[in-house]
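This briefing is meant to be read slowly, with the sequence and the 3D view side by side. Please find each residue in the view as it is named, and then move on to the next point.

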Amino acid sequence: MNRTWHATHIIGAILLLTMLVISLAACGGSPTPTPTTTTTTTKPATTTSTVPSPTPSTTVTSPSPTAAPSSYDLKIDVSPVGGGIVNPSSGKYNAGSQLNLQAAAADFCWVFDRWGGDISGNTTTTSVTMNGNKNITAYFNRVKYNLTVKVSPENSGTTGPEGGIYDCGQSVTVTASPSAGYVFDRWGGDASGTDNATTVVMQSNKSLSAFFKPTYQVIKRDMMPGSAVQNTISFSAQLKAGDKVTGYVELSGEVHPGESDYVWEFVIAGPRSRFLENWNGNVVSTTRHEIDKVVPEDGTYVMKISSNTRWPKTVTI
């Protein structure tokens, strides 16, 4: 009887619980979940190696296409500076444009030589296409002229400089210096004046002549055919002791067959007819005689030249 009662009560409890769950479900409720107990097991600490993070890779991005320049720089140089000009000049010019360059010398002392840099050639006109920045140089050369200097008579003096090649427009000073027995006389040719120094500007080829004259008097006389008495020429002068007589006497003219025996004479006589110089020579072998004597005393001195020529001659003193 007790077992039946216990069983009846258990069955009744189950039915009551079932009806309660059904009732709660119908009302929208949910049974309260039964809390779950989690048991945590503590593990002993372990040493862990640190692994470095990988370096992020760099991604190369292709540049975006850039628009082509609309203009380029043109740089013009002139060498040497001042030698000339170029047209057009330096500046910015449209891309793809073609420029006609013209080189011109600064003046008549310069001449165009060649192009350099981004172009070449030796004509004054050329062209360049502006497909990039351009550096161009125009080269010029200075014109040069020749200076010639002559001395007259020959060996009568020297000049400094004696001549040479000079830049166009250059000023050149030429100085004349006489040789012994001469003095400067004057300039001729492309220069004038009596100063021993002159200046020329080299704007063309120049030719100068420096004229000198002897410090002594030059006398020429014709000696006609005849005897020595008839062909006697004399000069006289008042001289003082210590004065110097220098120079030469020369007989010139054609020499004919049979003249090898005749002589001519040159004499300088002083006071009381004392000889300062007494010379005679054969016309064929000695036609010139040098004089270099110091006067021993004051007085009148006579110079005499005589010849027994049978043909016309000229005597130079």
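Along strand β9, which covers residues 157–160, the side chains alternate between two faces: G157 and T159 point to one face and are buried, whereas T158 and G160 point to the other face and are not buried. Please keep in mind that the model is a predicted one. The points below begin with the partner of this strand and then turn to another sheet, to aromatic rings and to charges that sit over rings.

**Strand β9 and its partner**

- Strand β9 is joined by 4 bridges to strand β11, which spans residues 171–178, and the two strands run antiparallel.
- One of the residues already named, G157, has P178 of β11 as its bridge partner.
- As a general point, the strands of a sheet pair through backbone hydrogen bonds, and the pairing can be either parallel or antiparallel.

**An open sheet of 4 strands**

- Following the order β15-β22-β17-β20, 4 strands form an open sheet in which the pairing is antiparallel.
- At the edges of this sheet are β15 (220–223) and β20 (288–294), each of which pairs on one side only.
- On average, and with direction ignored, neighbouring strands of this sheet are turned by 20° against each other.
- Within the sheet, strand β17 (residues 244–252) and strand β22 (residues 313–316) run antiparallel and are joined by 3 bridges, and the bridge partner of E250 in β22 is T316.

**Aromatic pairs**

- The count of aromatic pairs comes to 4, and one of them is formed by F112 and W115, whose ring centres are 5.3 Å apart with 55° between the planes, a tilted arrangement.
- Both residues of this pair are buried, because the relative accessible area is 13% for F112 and 3% for W115, and the cut-off for buried is under 20%.
- The rings of F184 and W187 also form a tilted pair, because their centres are 5.3 Å apart and their planes stand at 55°, an angle that is neither under 30 degrees, as for stacked, nor over 60, as for edge-to-face.
- F184 is buried, with a relative accessible area of 14%, and W187 is buried as well, at 4%.
- Ring pairs also link F112, W115 and F140 into a cluster.

**Charges over rings**

- The charged end of R186 sits over the ring of F211, at 4.1 Å from the ring centre.
- R288 lies over the face of Y248, where the distance to the ring centre is 3.7 Å.

Key: Residues numbered from 1 in each chain as written. Predicted model: local features only at pLDDT ≥ 70, side-chain atom pairs only at ≥ 80, totals over all residues. Heavy atoms only, no water. Phe/Tyr/Trp six-rings, centres within 6.5 Å; stacked < 30°, edge-to-face > 60°. Buried < 20%, exposed > 50% of the residue type's maximum accessible area, 1.4 Å probe, protein only. Lys NZ or Arg CZ within 6 Å of the ring centre and 35° of its normal. Pairing = 2+ DSSP bridges. Axes fitted to C-alpha atoms, helices over the stretch in contact; angles between N-to-C directions.
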